[in-house]
Structures are given as structure tokens and as C-alpha cells.
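Visitor: I am new to this structure and would like to be walked through the charged side chains, step by step.

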Amino acid sequence: MAKIEIRSQLPGVFYRKPSPDEPTFKEVGDTVKAGDAIGLVEVMKTFQQINADAAGIIVSFEVEDSDVISPGQVLAVIEG
């Protein structure tokens, strides 16, 4: 099985939940389809959804909730 890295296209703050009182989009071990949301990046009070590029199983998140991230940084790894 191939490992696929999901990378941020933007700098900002990474969030694993749609809002503080809601559950995370996905957890390690969850199955994802291409296009499924795995998190959000906030840039200047604007939120951009981060989607899985391929189908598979999330094997890791490389950043924590509320971490400041850079463009090109790996956010999660999917095994597909």
C-alpha cells in the first residue's frame, strides 16, 4: 500500500474540528474517500477546508490541533 501525504497549500492555523464544540473531522484509523475533509486552515479569519487527495486509511496526523503551519507542510498521512 502506498503512503500519501496530505500537505497544506496555505500558511495559517490548522484545526481538526469544524468548531470547538464539534467532533474532529477524522481520527487516525478512519477510512477516507478522496475529497473528504480532514481539517481546516485559518488564514486571516478565513477558513479553507483541507481534503484528502485519495482514498485510504489515516495512519497519522503530523501536526496537532491549533498548530501554526507553513505551505507545503505535511498535515496527515493516508495509506491507500
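What follows is a short exchange on charged pairs and their surroundings in this predicted model.

Visitor: How many salt bridges does a search of the whole structure find?

Guide: Side chains of opposite charge can pair when their charged atoms come close. When the whole structure is searched for such salt bridges, the number found is four.

Visitor: Is E5, which forms a salt bridge with R7, buried, partly exposed or exposed?

Guide: In the salt bridge between E5 and R7, the closest N and O atoms are 2.5 Å apart. R7 has a relative accessibility of 39% and therefore counts as partly exposed. For E5 the relative accessibility is 40%, which lies between the limits of 20% and 50%, so E5 counts as partly exposed.

Visitor: How many residues apart in sequence are the parts that R16 and E27 tie together?

Guide: R16 and E27 form a salt bridge in which the closest N and O atoms are 3.2 Å apart. Because R16 and E27 both lie in the loop between β2 (12-15) and β3 (31-32), the parts that this pair ties together are separated in sequence by 11 residues.

Visitor: Is R16 buried or exposed?

Guide: Leaving aside neighbours within four places in sequence, R16 is in contact with several residues, among them F25, I38, F61 and D65. The relative accessible area of R16 is 14%, and since buried means under 20%, R16 counts as buried. Its salt-bridge partner E27, at 37% relative accessibility, counts as partly exposed, whereas the answer for R16 is buried.

Visitor: Which residue of the salt bridge between K45 and E42 counts as buried?

Guide: The side chains of K45 and E42 meet in a salt bridge at 3.9 Å, taken from N to O. K45 has a relative accessibility of 71%, which is over 50%, so K45 counts as exposed. The relative accessibility of its partner is 15%, which is under 20%, so the buried residue is E42.

Visitor: How far apart in space, C-alpha to C-alpha, are K3 and V77?

Guide: K3 lies in strand β1, which covers residues 3-7, and at 56% relative accessibility K3 counts as exposed. Leaving aside neighbours within four places in sequence, K3 is in contact with V77, I78 and E79. Although K3 and V77 are 74 residues apart in sequence, their distance in space, C-alpha to C-alpha, is 6.5 Å.

Key
Residues numbered from 1 in each chain as written. Predicted model: local features only at pLDDT ≥ 70, side-chain atom pairs only at ≥ 80, totals over all residues. Heavy atoms only, no water. Buried < 20%, exposed > 50% of the residue type's maximum accessible area, 1.4 Å probe, protein only. Helix = DSSP H or I, 4+ residues; strand = E, 2+ residues; numbered from the N terminus. Contact = heavy atoms within 4.5 Å.
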